[in-house]
Amino acid sequence: MPLVARGSRALAERSRKGGAGEASRSRSPSSSQCWQTAPRRSWSRSRDGRGRWETVCECWGLAIPVRCAFGAGNEDLRNLSLSGHVGFDSLPDQLVNKSTSQGFCFNILCVGETGIGKSTLMDTLFNTKFENDPATHNEPGVRLKARSYELQESNVRLKLTIVDTVGFGDQINKDDSYKPIVEYIDAQFEAYLQEELKIKRSLFNYHDTRIHACLYFIAPTGHSLKSLDLVTMKKLDSKVNIIPIIAKADTIAKNELHKFKSKIMSELVSNGVQIYQFPTDEETVAEINATMSVSPQVHLPFAVVGSTEEVKIGNKMAKARQYPWGVVQVENENHCDFVKLREMLIRVNMEDLREQTHTRHYELYRRCKLEEMGFKDTDPDSKPFSLQETYEAKRNEFLGELQKKEEEMRQMFVMRVKEKEAELKEAEKELHEKFDLLKRTHQEEKKKVEDKKKELEEEVNNFQKKKAAAQLLQSQAQQAGAQQTKKDKDKKNFFFM
Amino acid sequence: MDPLRQPPSPCSPRPSSPRTQSCEMLGYVGIEAVLDQLKIKAMKMGFEFNIMVVGQSGLGKSTMVNTLFKSKMWKSTLPGLGVPTPKTLQLQSVTHVIEEKGVKLKLTVTDTPGFGDQINNDKCWDPILGYINEQYERYLQEEILITRQRHIPDTRVHCCVYFVPPTGHCLRPLDIEFLQRLCQTVNVVPVIARADSLTIEEREAFRRRIQHNLRTHCIEVYPQKCFDEDINDRILNSKIRERIPFAVVGADREHLVNGRCVLGRKTKWGIIEVENMAHCEFPLLRDLLIRTHLQDLKDITHNIHYENYRVFRLNKSHVLPRGPGWVNLAPGPAPSPASPQATPRTMKVCRWTQDNSDDEC
């Protein structure tokens, strides 16, 4: 039963056929979720006698009643019958055209041990070869590697991001293996939340990186889930849509596979792990399921085999794995559930996965985060609290704190400056004192020196006087001596004569 | 959609990250099935469309709405039958769910009887602006709740059809004032009402004069030139802009013409067929509003007008009071309705601007 041929186009045909011929019969909208509104918490609404909500729009003191027939409850919506072709049946096409021009984003997270076949399965699913080097087993911890690819099929552009857990299950101590994964998922939600809370935001341009589907690869032991698997899945189930799959399913025999699957599912149920429920309430999907003859729930987890190599089977090439004992065909439903996985993941439920991520997981994250930050919807007096008011209050608080801190810092600064000033003054005084002391000492010394100089001069004078006196005496003595010798000489000369 | 799309221009809304590689797929994967999934989801959820008709009484607004949606939305009021003209402007909304070929549309039509009917029409646009802003406010309040609803009910006015009386001369001061204010908050489509009182030549001359007036006063009516995304849009929209304002005639009675049953107005000198392009331009209006640009109207309202409002509101929220009185955006008489509108003009968020610092359109 080639499910490949049926698929998307069949869905559209069925929906069109089901819709035609009902232009006059109005289907009550209560079945769909769109008109259900929670009791409105708004300002002045009151039911008048006819049971219609009335809003009072107050402008400049005048109460201008705006009588609106829509509101809570479906009893007010009147279904009109059209007497001709208006033309808004092209609305879905307009919507689709808009979305096509913007492109789609789809992000898959693959969680599984190294070597379990994650990259190969991605290659097989999307029929292409993504650039991938096989990871080693020596990673010190789990890290996530995200890679984005742009795929185009006819006029649909898909921005596909595949996130791989590198090093999962390789460590000896695997207590913290789940933490990087949870952090990554939270980081993507946080980025989206930040963008949404910005004042000037551009959500229609935003590259959505939130994980839409998590493929959890279960090792084909044939017995049961490992405790690491249970723990990780339990941590992830409230944050992301988990689709468990059994990898390398060609190592398990048919009968063992059935037991293995039921064991896994019962373990998941008993541990309270919420995996992604494929929607079965839509008529179109139910019909697909009817053609598959069993609902996809029974087949979970899908046992898949991935392969990018082609082997000649019959007279055409097909993706398969060749063994000495036979060939495992990837797209053969009897051999493995790959076709079902591809059908469920891409062709039928891609949009639902994205929607679940946005409306359930992201909203949960947002609620928790905002409550953590302290925002509430109603305060203890049960008056409606607006986010703005809380934000204002927080902002004022924060500003007040900032101001206080500023004051403190300023005071501290002033104090320090004063201290420094005092110190400097002290130092200055000391310096002055020293200077005075030095000056005085210098003067004293100078005086001493002067005194000494005077003394010296006196002594020198005395000495000079003495010297002069001595010289005089000497010269007198010399003169006397010279006269004496002259006399002697004369005497001598006289005698000789 | 032509597969040979232009490569992303700087104006395109598709950001390309440097890490993205383009990959060739070797076989059919089935990604295009997502389009059908989208369609199914949209049809299951249904669509919402809110339209507002503004104009003086007697211009045929209710009849026009009935003709557009081919059903008795309103009881068309005939003058002189004891229905008094309201003394003040009152806004009346009516909601219907219409279905065609499996597509459900929740249509809300807001009428404004009493607009421009008083002797002193000063500030008659304020209640309308207040109503539009109230819808934005309601949506904003729902959006910022902690526990949000799965699908926020959209009551914002997506399109405002403004009826210009067929004087044949040019836009009146009231029209100009109103259009100037409203074009910054909502998508406005001006139409020449009761166009069967003008001949074809008069119609063309009137249209040229109105276009000239709009250009002189810098009024950007839908489809706005600055929101054209790519060359295809621009070509299509310039064709539409050539014909704005459409000269329309509304009728909800059927008459027999040449053996066919057509909607038309029967007069002594002939039957004016509403859907005949030679007689009036109603098909253009219908196609613009419903068949081709409905989603675009909603998108521009959501992405541009609502975001502008949100920016203004979040920036100025410490100034505005809360509760029902918040609508009173006028602190004083003179610049009041202009101030929330004047500032968004400079703060307009363009579709293709990605950084948050620049605010030029």
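Start by selecting Asn127(A): at 13% relative accessibility, it counts as buried. Keep in mind that this is a predicted model. You'll find Asn127(A) in the loop between helix 3 (118-125) and strand 6 (143-153) of chain A. Check its backbone while you're there: phi is near 55°, a positive value in a residue that isn't glycine. Most residues other than glycine have a negative phi, and most peptide bonds are trans.

For another backbone of that kind, hop over to chain B and pick Lys101(B). This residue sits in the loop between strand 3 (92-100) and strand 4 (103-111) of chain B. Its phi is positive too, about 50°, although Lys101(B) is not a glycine.

Stay in chain B for the peptide bonds. Select Tyr222(B) and Pro223(B): the bond from the tyrosine to the proline is cis, with omega near -5°. Pro223(B) lies in the loop between helix 5 (200-216) and helix 6 (231-243) of chain B. Now follow helix 6 into the loop between it and strand 7 (246-247) of chain B, where Pro245(B) is found. Here the peptide bond from Ile244(B) to Pro245(B) is cis, again with omega near -5°.

Next, the aromatic rings. How many aromatic pairs does a search of the whole structure find? It turns up 12 over all chains. Show the side chains of Phe168(A) and Tyr216(A), an edge-to-face pair with 6.5 Å from centre to centre and 90° between the planes. This pair links distant parts of the chain, 48 residues apart: Phe168(A) is in the loop between strand 7 (156-166) and helix 4 (178-197) of chain A, and Tyr216(A) is in strand 8 (residues 213-218) of chain A. Are the two residues buried or exposed? Both Phe168(A) and Tyr216(A) are buried.

Then move to Phe189(A) and Tyr362(A), whose rings make a tilted pair, 6.1 Å centre to centre and 50° between the planes. Zoom out a little and trace the chain: Phe189(A) belongs to helix 4 of chain A and Tyr362(A) to helix 10 (residues 350-373) of chain A, with the partners 173 residues apart. Colour by accessibility if you like. Phe189(A) has 2% relative accessibility, so it counts as buried; Tyr362(A) has 0%, so it counts as buried as well.

Don't deselect these two yet. Add Tyr192(A), Tyr206(A) and Tyr365(A), and you have one aromatic cluster together with Phe189(A) and Tyr362(A). Now bring in Arg210(A): its charged end sits over the ring of Tyr192(A), 3.7 Å from the ring centre. Chain B has an arrangement to look at as well. Select Arg156(B) and Tyr139(B), and you'll see the charged end of the arginine over the tyrosine ring, 3.7 Å from its centre.

Time to switch to cartoon view for the sheets. Look for the open sheet of seven strands with mixed pairing, in the order 10(A)-9(A)-8(A)-5(A)-7(A)-6(A)-1(B). Which strands form its edges? They are strand 10 (302-303) of chain A and strand 1 (21-22) of chain B, each pairing on one side only. Inside this sheet, highlight strand 5 (residues 104-111) and strand 7 of chain A, which run parallel and are joined by seven bridges. Ile108(A) makes a handy marker, standing opposite Ile162(A) in strand 7 of chain A.

Another stop in chain A is an open sheet of three strands, ordered 11-12-13 with antiparallel pairing. Strand 11 (310-313) and strand 13 (326-329) of chain A each have a single partner strand, so one side of each is left without a neighbour in the sheet. From one strand to the next, the twist averages 65°. Strand 12 (residues 316-323) and strand 13 of chain A pair in the antiparallel sense over four bridges. Click on Tyr323(A) and look across to its bridge partner, Gly326(A), in strand 13 of chain A.

Finish with the cysteines. How many disulfides does the structure hold over all chains? Zero. Select Cys160(B) and Cys159(B) to see one case: the sulfur of Cys160(B) has its closest cysteine sulfur in Cys159(B), and 7.0 Å is too far for a bond. Cys160(B) counts as buried, at 0% relative accessibility. Back in chain A, Cys368(A) is partly exposed, with a relative accessible area of 42%.

Terms used
Residues numbered from 1 in each chain as written. Chains lettered and ligands numbered in written order. Predicted model: local features only at pLDDT ≥ 70, side-chain atom pairs only at ≥ 80, totals over all residues. Heavy atoms only, no water. Phe/Tyr/Trp six-rings, centres within 6.5 Å; stacked < 30°, edge-to-face > 60°. Helix = DSSP H or I, 4+ residues; strand = E, 2+ residues; numbered from the N terminus. Buried < 20%, exposed > 50% of the residue type's maximum accessible area, 1.4 Å probe, protein only. Lys NZ or Arg CZ within 6 Å of the ring centre and 35° of its normal. Pairing = 2+ DSSP bridges. Axes fitted to C-alpha atoms, helices over the stretch in contact; angles between N-to-C directions. Disulfide = S-S within 2.5 Å.
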